[in-house]
Amino acid sequence: MLGTGILKGLAQTALNLVGTFRKPAERLVTVQYPEQKITLKENFRTIPFLVYDGDDPEKGLRCTACKICEKECPPQCILIEPLRDANGKLAKHPKVFDVDLAICMNCGICAEVCPFDSIKMDSVYEITADDRFAGLIHHKEQLSKSNEYYHSIKPTEATEVDGRLAEEQRKADESAKAKAAKAAAAAKAPAMKPAAAPTPESPAP
Amino acid sequence: MNSEPAKLENAPLAKPYELRPKALADGGQPGELLEISMGPQHPSTHGVFRMDVVLDGERVVKLKPVFGYLHRNHEKIGENTTYLGSMPYTDRLDYFCSLTSNWAYALAVEKLAGLQAPERAEYIRVITAELTRLQNHISLVGFLLQDMGASGTPLMYAFREREKILDLFESLTGARMMCNYMRFGGVRCDATADWISRVLTLVDNYPRFLDEYEALLTSNEIVVARTQGVGVLSKELAISAGITGPCLRASGVGYDVRKVDHYSIYDRFPFRVPVGEHGDCYDRYMLRILEARESVKILHQAVREIPGGDFIDPKVRAKGFKAKPGEAYGRIEAPKGELGFYLISTGGASPYRYRVRPPSLINLTVLEDMCLGHTVADAIAIFGSIDIVLGEVDR
């Protein structure tokens, strides 16, 4: 009969209307932004930020200005100028670290390629500026955020990173210790070494 | 001062314009053809597309799709950035299905570099791709109905379900639409057990939603009257024009890259390829619903069987990735059709040639053939049923 299909559809809509009142918690999902905000997912990513350890954002900065992120960034939104000391030697620290948020497309590749776990993805999303040119270029000061902040937005990932860094530090310490021990042993040894070890080229008697 | 306007030497003469054409000898009105420009063409809309339609009364006698407004040099950019750097750009090809675009590109690079993703990564890829297909097909039906004048209900229902899938994408990849998730030789991060169980819940509830959606639309007299027999695409034309995806299958050709190419692990899933009969708009609508049902089956099995292990080949380095010289074509069955990436490498850090075969663009080429003889309102329905995304058409 003509019209049954429409009636069936109407019944479905009516069913949904009733269903909304029967299960309001599940069905009424509108969030009254900005009074209410949804809890962000841990993986949620927006713009990059720089992690620093300790209290001093300048000294504790993990970034060594290696420029890998600058090279890999697909839209080229990162600008890094490494800090140089008086002799022009690299100080392994950025003098300038700018991210142009007007260009950044939040892809997260910078965080992925960073070998020092310095650059990570933030979850702030209310970024506005009066000036669309200079206002959207974030400098090192705005980008630097503490490790505690990193832990507060991404607890699982931050704990994992901390563990990995501690492990690397431990290994570096051990190898440094071993190196020092070797150097100390080598300093003592040379006096007797030539006599003890014959060179491989010399034919055995 | 001379107030007379300057006369140009070669200024065109005003066309003699008659309000009403002269009557024919037998007293009938000959009518005039009217050329109009249809489509969203404001630069701030997300998909800018124009149809130059020539109308005889309300019938379409000529139609020329005009596109390219959203061209952003995707392929040239791909030749100048690193292999990894192109990955986020592929999100922006078909922004409705970023995960399948990612996959096609990753597959092409993997072929080029001779990589193989671990088992778990393949399963995660299948799960994300099928979820993408679910949300694409359902929202397409919503958009189609919206275009035909059913403003509201079908699209709202579709978006309600799509939201749940986008939430899953967000917790897995960090972004709702621009996922940037696939990597060469795997995926970027692992799926947690919690995420998998959430997928299972969603998949369990999905057939019920599809039933609901079908109750709303499938036998609705208005939908039937507006779509059946409208925009028929013949089997022969579909094949010769290179149409792929649901449009081709609705015309009665059982061609699915998942079955034909045996890429990834699709051989392990016993799903069927639904095929249409008439090739009209109704078949194209129905096919999407049926495909969604098959995707649900695939998802059920994939979620049940997902193994443990690595999610990315540990030998692959993201930064400084280089492929050995050669060429490769990687293709997958994206929700809109066959999406392929053709890459030529000369051994450098970026491809020498980078070419995309977008399903939307090629499916759009038969728009005129499908629309001729139909009314303007039908042309909109036909256009909607092809399922295009302008990001992919214009690149």
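**Exercise 1. Work out what share of chain A is buried, and how its overall dimensions look.**

Start with burial: 18% of the 205 residues in chain A count as buried, where buried means 20 or more other C-beta atoms within 10 Å of the residue's own, exposed means 12 or fewer, and partly exposed is in between, with C-beta atoms placed from the backbone. Before going on, keep in mind that this is a predicted model, in which local features need pLDDT of at least 70, side-chain atom pairs count only at pLDDT 80 or more, and totals for chains, interfaces and linings use all residues. Residues are numbered from 1 along each chain as its sequence is written, while chains are lettered from A and ligands numbered from 1 in the order in which they are written.

Next, take the radius of gyration: chain A has 29 Å, whereas a compact globule of 205 residues would be near 17 Å. That value is taken over C-alpha atoms, and the globule rule is 2.2 Å times the number of residues to the power 0.38. Then check the box: along the principal axes, the C-alpha atoms of chain A fill roughly 110 × 50 × 35 Å.

**Exercise 2. List the elements of chain A and find its cis peptide bond.**

First count: chain A has 8 helices and 6 strands. These are DSSP runs numbered from the N terminus, with helices (H or I) of at least four residues and strands (E) of at least two. Reading from the N terminus, you get α-α-β-α-β-β-α-β-β-α-β-α-α-α.

Now the backbone: the bond between A:Tyr33 and A:Pro34 is cis, with omega about 0°. You'll find A:Pro34 in the loop between α2 (24-27) and β1 (48-52) of chain A.

**Exercise 3. Describe the side of chain A that touches chain B.**

Begin with the totals: 21 residues of chain A are in contact with 24 residues of chain B, a contact being two C-beta atoms, placed from the backbone, within 7 Å. On the chain A side, α1 (4-22), α3 (68-72) and α4 (109-113) each give two or more residues. The top contributor is α1(A), with 6 residues.

Sort that side by class and you get 9 nonpolar, 7 polar and 5 charged residues. Here Ala, Val, Leu, Ile, Met, Phe, Trp, Tyr, Cys and Pro are nonpolar, Asp, Glu, Lys and Arg are charged, and the others, Gly among them, are polar.

**Exercise 4. Say which residues of α3(B) and α4(B) meet.**

On the α3(B) side, pick out B:Leu99, B:Thr100 and B:Trp103; their partners in α4(B) are B:Arg125, B:Thr128, B:Ala129 and B:Thr132. By class, this contact has 3 nonpolar, 3 polar and 1 charged residue.

**Exercise 5. Compare the surroundings of two positive-phi residues in chain B.**

As background, most residues other than glycine have a negative phi, and most peptide bonds are trans.

Take B:Ser264 first: its phi is positive, about 55°, though it is not a glycine. The residue sits in the loop between α10 (257-260) and α11 (281-305) of chain B. B:Ser264 counts as partly exposed because it has 18 C-beta neighbours inside 10 Å.

Now B:Asp387, with a positive phi near 70°. B:Asp387 lies in the loop between α14 and α15 (390-394) of chain B, and counts as buried because it has 26 C-beta neighbours inside 10 Å.

Finish with the helix that B:Asp387 follows, α14(B). In α14 (residues 376-386) of chain B, 9 of the 11 residues are buried, so the helix is largely enclosed by the rest of the structure. Among the buried ones are B:Ile380, B:Ile382 and B:Phe383.
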